[in-house]
Amino acid sequence: MSKFGPEYVRAIAPYQAGKPIAEVAREFGLDEAAIVKLASNENPFGLPESSRQAMAAAAADLGRYPDANGFELKAALAARYDVPAEWITLGNGSNDILEIAAKAFVQKGEAVVYSQYSFAVYALATQGLGARAIVVPAVDHGHDLEAMAAAIDADTRLVFIANPNNPTGTFIPAAQIEAFLQKVPEHVIVVLDEAYNEYLAPEHQFESSQWVRKHRNLIVSRTFSKAYGLAGLRVGFAIAQPEVTDLMNRVRQPFNVNSLAQAAAIAALNDKEFLEKGARNNAEGYRQLTAAFDELGLQYVPSFGNFVLVRVGDDDQAGARVNLALLKQGVIVRPVGNYGLPQWLRISIGLPEENAAFIAALKRALG
Ligand code: PMP
């Protein structure tokens, strides 16, 4: 055990990312081209062509620092979400937004509320500050907002909500979130993390960006990593009232979103066709995967994101065992034992042929 640093840093369990394709190829002696990666909720169509072109044009200026204030990207986002540009904070991915929010509003010894089985970075951001985590038991793998409101204590400064949630895919309807926001004390910041928002069917969409007008303590967080296909570039953003936005801007790195990322995000934001193609593929892929799970008699959590959590066995080694059997066949998915879900695997929705390769490998893995 290291002697360096505070005990609360030494106690952190490192984030477990999806295994890179090159690593699996090396470890299992496989051809990279034959590997299917459905492990990190990435967009199976990759980078939009519109973003590729915008980056090529922006590359000429890479000798200069990026626009620290992200003027053009914020203007594009402000127009899209009908909020003033001064209400937007840019992040190096939305992970950065989550950390910036924690850093700006929570100090050592104070408390943060989030749900069991919710996104791993909430725990990391909390523990990294030496703050106390109040983890509220999930109901049906999703957030129990009533219990979360009740769990807010005198030390609580921030609440994280993921909607849809990763890794479970659960969704909270608008009315429940609005009721929750009514109950939260005004001095407690609520981060509504909507990384998968663009995958929601129209009947589930709501303009959470407009709730920010009513709630001074609300931060809506979004990302370009999923539906927009820019995971490798790292761009996310937050919408909040100026008082909160101003404080977040004080603790972020001045150049946290690079020039190529800013250019690519503007192009992607306006690429309606790319978003629609992705949403269609996601809905079809969800049907393809869940039909196979039904056929195999496997339980899964109904998902509103671009991934599905499926139970691959009854014993606590099931997730790890089936994961290894899939890796040997060149299929990378995500084990979720670190979330306390050792019987489950999380499968990102891919292209039809990738989903089919996964299903065939799963059938072999289950014998
Ligand atoms: N929130 C949730 C719920 C996520 O699943 C993820 C990605 N795994 C993120 C935020 C962060 O993604 P990014 O930093 O790429 O925006």
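**Sheets, packed helices and ligand surroundings in a predicted model**

Helix H13 (residues 318-328) lies across strands S12 and S13, and its direction makes an angle of about 40° with that of S13. The description given here refers to a predicted model. The two strands contacted by H13 belong to an open, antiparallel sheet of four strands, arranged in the order S9-S10-S13-S12, in which S9 (300-301) and S12 (334-335) are the edge strands, each pairing on one side only. Between S12 and S13 (residues 344-348) the antiparallel pairing extends over two bridges, and arginine 334 has arginine 346 of S13 as its bridge partner.

A further open sheet consists of seven strands in the order S2-S8-S7-S6-S5-S3-S4, and its pairing is mixed. Because S2 and S4 (132-136) each have a single partner strand, these two stand at the edges, and one side of each is left without a neighbour in the sheet. From one strand to the next, the twist averages 20°. Helix H4 packs on this sheet through contacts with S2, S7 and S8, its direction making about 125° with that of S2, whereas helix H5 (residues 94-105) lies across S2, S5, S6, S7 and S8 and runs at about 155° to S7.

Within the seven-strand sheet, S5 (residues 156-162) and S6 are paired in the parallel sense over five bridges, with phenylalanine 160 bridged to valine 191 in S6. Parallel pairing also joins S6 (residues 189-193) to S7, here over four bridges, and valine 191 has isoleucine 219 as its bridge partner in S7. Together with helix H9 (residues 208-214), S6 and S7 make a right-handed β-α-β unit. Towards S8 (residues 236-239), by contrast, S7 runs antiparallel, the two strands being joined by four bridges, and serine 221 stands opposite alanine 238 of S8.

Strand S7 (residues 218-223) is mostly covered, six of its six residues being buried. The side facing one way carries Leu218, Val220 and Arg222, while Ile219, Ser221 and Thr223 point the other way, and all are buried.

Burial is also found in H4 (residues 71-81), where Leu73, Lys74, Ala76, Leu77, Ala78 and Tyr81 are buried. The elements that cover these residues include S2 (88-91), H9, S7, S8 and helix H11 (259-269). After H4 comes aspartate 82, which has a positive phi, near 55°.

The ligand is surrounded by Gly93, Ser94, Asn95, Phe119, Asn166, Asp193, Ala195, Tyr196, Thr223, Ser225, Lys226 and Arg234. An oxygen atom of the ligand lies 2.9 Å from a backbone N or O atom of asparagine 95, and the side chain of asparagine 166 places an N or O atom 2.7 Å from a ligand oxygen atom. On the side chain of aspartate 193, an N or O atom is 2.6 Å from a nitrogen atom of the ligand.

Serine 50, located in helix H3 (residues 49-58), counts as partly exposed because its relative accessibility is 23%, the limit for a buried residue being under 20%. Apart from neighbours within four places in sequence, serine 50 is in contact with Ala267, Ala268 and Asp271. Between serine 50 and aspartate 271 the separation is 221 residues in sequence, but 7.1 Å in space from C-alpha to C-alpha.

Conventions
Residues numbered from 1 in each chain as written. Predicted model: local features only at pLDDT ≥ 70, side-chain atom pairs only at ≥ 80, totals over all residues. Heavy atoms only, no water. Buried < 20%, exposed > 50% of the residue type's maximum accessible area, 1.4 Å probe, protein only. Pairing = 2+ DSSP bridges. Right-handed = clockwise from strand over helix to strand, strands pointing away. Contact = heavy atoms within 4.5 Å. Axes fitted to C-alpha atoms, helices over the stretch in contact; angles between N-to-C directions. Near = heavy atom within 4 Å. Polar contact = N/O pair within 3.5 Å; in protein donor to acceptor, adjacent residues only side chain to side chain.
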